Amino acid sequence: MGRGPAWHATGRFLIWSDIPNDECLRMVEEDHSVHRRFRSPSGFSNGNTFDREGRQIAFRHFHRDVLRYEPNGTTTVLASRGPDGAFNAPNDGVVHPEDGAIWFTDPGYGALMNYEGNRTAESASSPRPFIKEAIYRIDAGGQVAKVADEPFKPNGLCFSPDYRRLYVADSGKSHYEEAKNIIWVYDVDGARLSNPRTFCDMEMGGKSGFGDGIRCDEAGNVWVGAGWVGEGYDGVHVFAPDGQRIGQIRLPEICANLCFGGARRNHLYMTASQSLYMVPVETRGAHFC
């Protein structure tokens with residue numbers, strides 16, 4: 001399954017992860033050619049993003065860390081443990097432009113199955129591989145802080161256009177009966193999060209699927225990769241800033257993640273079960289990747 005698309009604005013290319021095949025692929029905008037093994041092995045990386053210097057940051061399942069690829073070909077592990085111990089398996093992340101801090105989620109899916117990482121002995125008896133699933137922040141000095149742990153399994157995340165809100169998809173229903181398929185929203189107060197609340201519910205027409213990767217457009221609408229339900233539901237769901245569903249892109253397969261790209265950030269790229277989709281939209285992504 002394709003995951004973690006990220007757009008490199010200067011290089012004019014898209015990268016994304018194929019977790020089971022342990023690789024990262026690249027698509028060049030000029031001719032839409034796809035190149036495999038851009039990163040191989042990739043450490044079963046899931047989410048990807050770029051920092052303000054254009055360096056790729058990967059959230060890796062197998063090594064349970066956050067890795068940065070340097071321009072000279074070397075790599076730097078930015079974080080492999082938080083204040084409560086080693087991570088479960090980092091999943092997705094975003095970069096704040098003001099201070100370069102990296103915010104990311106740690107739901108632990110990569111430690112629950114070999115298909116997406118490295119199944120641990122602990123996963124046989126618990127859906128929580130090592131520590132409480134949570135959201136973290138790495139500051140410019142490399143210090144890691146846990147900023148929230150209300151979601152059962154925090155998954156995709158994104159900032160609002162003004163960076164005053166952080167949206168987080170909760171896919172905890174996959175392992176916790178009491179969890180709900182919702183998108184959380186927090187207020188961003190510097191290096192902290194506050195006022196956790198439900199932004200929207202993924203229920204539609206009596207059916208409820210998982211929200212996974214999410215991105216905001218310039219108007220503050222939240223675009224959610226969704227699925228695990230079937231025809232008429234799987235694809236992308238679009239929610240207005242007040243949490244009301246205002247649109248849907250239906251796909252014939254599960255859409256895990258998405259991002260805006262292209263020279264004008266008005267192409268929506270969607271990574272699905274076995275395919276990469278693109279559609280031009282009459283809006284633009286709020287952020288550069």
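**Briefing: a buried arginine and the aromatic pairs**

F239 is buried, at 1% relative accessibility. The model that shows this is a predicted one. Two topics are covered below: the aromatic rings, of which the structure holds 16 pairs, and R215, a buried residue that has no salt bridge.

**The pair F199 and F239**

- The structure holds 16 aromatic pairs, and one of them is formed by F199 and F239, with 6.5 Å from centre to centre and 70 degrees between the planes.
- This arrangement of F199 and F239 is edge-to-face.
- F199 belongs to strand β18 (residues 192-201) and F239 to strand β23 (residues 235-239), so their pairing ties together parts that are 40 residues apart in sequence.
- F199 has a relative accessible area of 8% and is therefore buried, as is F239 at 1%.

**The pair F210 and W228**

- The ring centres of F210 and W228 are 5.8 Å apart and the planes stand at 65 degrees, so this pair is edge-to-face.
- F210 is located in strand β21, whereas W228 is in the loop between β22 (222-227) and β23; the pair therefore ties together parts that are 18 residues apart in sequence.
- F210 counts as buried because its relative accessibility is 18%, under the cut-off of 20%.
- W228, at 38% relative accessibility, counts as partly exposed.

**Other aromatic arrangements**

- One aromatic cluster is formed by F59, F87, F104 and Y136.
- R26 is placed over the face of F13, 5.4 Å from the ring centre.
- The ring of Y69 has the charged end of R39 over it, at 3.8 Å from the ring centre.

**The surroundings of R215**

- R215 is part of strand β21, which spans residues 210-216; F210 lies in strand β21 as well.
- Although R215 is buried, it has no salt bridge: D92, the nearest side chain of opposite charge, is 4.4 Å away, and a salt bridge requires a side-chain nitrogen within 4 Å of a carboxyl oxygen.
- A polar atom of the R215 side chain lies 3.4 Å from the backbone oxygen of L157.
- Beyond its neighbours within four places in sequence, R215 is in contact with a set of residues that includes D92, L157, P5 and N48.
- The contacts of R215 also include C158, C259 and C289, together with W223 and F260.
- N221, V222 and L258 are likewise among the residues in contact with R215.

Notes
Residues numbered from 1 in each chain as written. Predicted model: local features only at pLDDT ≥ 70, side-chain atom pairs only at ≥ 80, totals over all residues. Heavy atoms only, no water. Helix = DSSP H or I, 4+ residues; strand = E, 2+ residues; numbered from the N terminus. Buried < 20%, exposed > 50% of the residue type's maximum accessible area, 1.4 Å probe, protein only. Lys, Arg positive; Asp, Glu negative; His and termini not counted. Polar contact = N/O pair within 3.5 Å; in protein donor to acceptor, adjacent residues only side chain to side chain. Contact = heavy atoms within 4.5 Å. Phe/Tyr/Trp six-rings, centres within 6.5 Å; stacked < 30°, edge-to-face > 60°. Lys NZ or Arg CZ within 6 Å of the ring centre and 35° of its normal.
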